[in-house]
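Welcome! Please take a look at the structure below, and then we will walk through a few parts of it together.

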Amino acid sequence: MSDIKVEGFKASEILAALAQVFENYSDEEKKSQIKKTNGIFELRVKNAEGKEAVWTIDLKATGSVYKGEPKQKANVAIILSDDTFQQLADGKLDGQKAFMTGKLKTKGNMMFATKLDGVLKSAKAKAKL
């Protein structure tokens, strides 16, 4: 899963760990997570140098994380900085607060974006991200 990592992005470490968690899920756990979430997140993360990287969390069909644009249309695109994503993953920042303060922007189904918090939390419990 090293193809997920991108030099200069803290988010890539977190997403690589998330991908590992998804890979280690039993079929039952994966189906449950897909059923609960039923959608695709497109994450557009900008690092301190202003470079942007894109990752996809597919919890509609495959239950996987991969680098690049979504293969199917995403339910929501989430645009945020590398630091903001790390704070969200660490539980130090709430997604809604990040949105309200302009640290996080969405394109598409904004209500679906709120599910990302639950995905990160359940994965964190599994992996100790």
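Let us start on one face of a helix: on the other side of α6 from its buried residues, K121 and A125 are exposed. Here exposed means over 50% relative accessible area, buried under 20%, and partly exposed in between, with a 1.4 Å probe and protein chains only. Before going on, note that this is a predicted model, in which local features need pLDDT of at least 70, side-chain atom pairs count only at pLDDT 80 or more, and totals for chains, interfaces and linings use all residues. Residues are numbered from 1 along each chain as its sequence is written, and side-chain values use heavy atoms, with hydrogens and water left out.

**Helix α6**

Which residues of α6 are buried? They are L116, V119, L120 and A123. These four cover an arc of only 95° around the axis, which puts them on the same side of α6; the arc is taken from the directions from the helix axis to the C-beta atoms.

Within this helix, which covers residues 115-127, you will find S122. S122 is partly exposed, with a relative accessible area of 22%. Leaving out residues up to four places away in sequence, S122 touches Y25 and Q33, where contact means heavy atoms within 4.5 Å. A polar atom of the S122 side chain also lies 3.2 Å from the backbone oxygen of V119.

**The strands**

Helices (H or I, at least four residues) and strands (E, at least two) are DSSP runs, numbered from the N terminus. Two strands pair if DSSP finds at least two bridges between them. Strand β4 (residues 76-81) has two such pairings to show you:

| Strand pair | Direction | Bridges | A bridge pair |
|---|---|---|---|
| β1 (residues 39-46) and β4 | parallel | six | R44 and I79 |
| β4 and β5 (residues 104-108) | antiparallel | five | L80 and L104 |

**R44 in strand β1**

R44 lies in β1 and stands opposite I79 in β4. Its side chain makes polar contacts with the side chains of E52, at 3.0 Å, and E69, at 2.7 Å. A polar contact is a pair of N or O atoms within 3.5 Å; within protein, one must be able to donate a hydrogen and the other to accept it, and residues adjacent in sequence count only if both atoms are side-chain atoms. Setting aside neighbours within four places in sequence, the contacts of R44 include A53, V54, I78 and L80.
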